Amino acid sequence: MMKYYILFGPPGAGKGTHAGAISEKYNLKHVSTGELLRAEIAAGSPLGLQAKALIDAGALVPDEIVEGMIESVFDTVKGVDGFLLDGFPRTIAQAEALDKILAARGEEVSAVVSIMISDDVIRERIAKRAAVEGRADDASEATISNRIATYHAQTEPLIEYYKNNGKYHQIFGDGATIEVNRAKVLDLMASLQ
Ligand code: ADP
């Protein structure tokens, strides 16, 4: 069986920051739907154009778009022991679609690894990241507020979804250094093996 880990958490929780260490240690393909979408935007594709307006508004792109991206990654990536999904699923509909996609392959979600932070820390982290990475969706107060609202309305319900099937595991990221949080995430991953 392949492993399918979901790296979960609000915007700015540090999913992308810790994904490299996890995927290296467990030979997983790191798949960030945000990065895939930004690549489409950079390439100027029609999909990228559609996504840009939504991302810049702090909204989610349509479920079908990200579901298609994820499925094509599962179809094409070889030579790994599994996948580390970062930023997907982000809605209950996406979680249900993922369950279907995996069931059709005789597979299932292995575990959800969640990095929880408070709304105040979300704002702090994104403000810092704006200066470093120059992402348009990090630069505007209104966009950040919408992303936080979108997270609570559409993504947070996934916590219950994965608690109900016993797959949800969480660490708290507030007030600790990147190194300390990375150690917590890696300890949690180790406990799941
Ligand atoms: P962050 O972790 O800071 O939210 P991401 O790179 O994961 O950043 O996502 C950036 C944006 O890309 C999101 O705000 C959203 O508009 C879009 N996006 C990423 N993943 C998804 C997804 N699974 N479903 C819908 N939209 C997504």
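Let me begin with a definition: a polar contact here is a pair of N or O atoms within 3.5 Å. With that in hand, and bearing in mind that what we are looking at is a predicted model, I would like to start at the ligand.

In the side chain of Q94 there is an N or O atom that sits 2.9 Å from a nitrogen atom of the ligand, and this pair falls inside the cut-off of 3.5 Å. Oxygen atoms of the ligand are approached as well: R38 brings a polar side-chain atom to 2.9 Å from one, while A59 uses its backbone, with an N or O atom 2.6 Å from a ligand oxygen. As for how much of the ligand is covered, its area when taken alone is 550 Å², and the protein buries 96% of that. The surroundings consist of 20 residues, and T33, A59, R90, R129 and R147 are the closest of them.

T33 takes us to the helices, since it also belongs to the part of α2 that meets α4. Helix α2, residues 33-43, packs against helix α4, residues 63-76, with the axes 11 Å apart and at an angle of about 100°, which makes α2 roughly perpendicular to α4. On the α2 side the contact involves T33, L36, L37 and E40, and on the α4 side I65, V66, M69, I70 and V73. Sorted by class, that is seven nonpolar residues, one polar and one charged.

A second pair is α5 with helix α9, residues 157-164, whose axes cross at roughly 35° and come within 9 Å. Here I92, A95, E96, L98 and D99 of α5 touch P157, L158, Y161 and Y162 of α9, and the classes are seven nonpolar, no polar and two charged residues.

Finally, two points about the backbone. Most residues other than glycine have a negative phi, and most peptide bonds are trans. Against that background, the bond from F88 to P89 is cis, with omega near -5°, and P89 is located in the loop between β3 (82-86) and α5 (92-104). N27, which is not a glycine, has a positive phi near 50°, and this residue lies in the loop that runs between α1 (15-25) and β2 (28-32).

Notes:
Residues are numbered from 1 along each chain as its sequence is written. This is a predicted model: local features need pLDDT of at least 70, side-chain atom pairs count only at pLDDT 80 or more; totals for chains, interfaces and linings use all residues. Side-chain values use heavy atoms; hydrogens and water are left out. Axes are lines fitted to C-alpha atoms, for helices over the stretch in contact, and angles run from 0 to 180 degrees between N-to-C directions. Helices (H or I, at least four residues) and strands (E, at least two) are DSSP runs, numbered from the N terminus. Angles under 35 degrees count as roughly parallel, over 145 as roughly antiparallel, 65 to 115 as roughly perpendicular and the rest as oblique. Contact means heavy atoms within 4.5 Å. Ala, Val, Leu, Ile, Met, Phe, Trp, Tyr, Cys and Pro count as nonpolar, Asp, Glu, Lys and Arg as charged, and the others, Gly among them, as polar. A residue is near a molecule or strand if one of its heavy atoms lies within 4 Å of it. A polar contact is a pair of N or O atoms within 3.5 Å; within protein, one must be able to donate a hydrogen and the other to accept it, and residues adjacent in sequence count only if both atoms are side-chain atoms. Accessible areas come from the Shrake-Rupley method with a 1.4 Å probe; for residues, only the protein chains shown count as cover.
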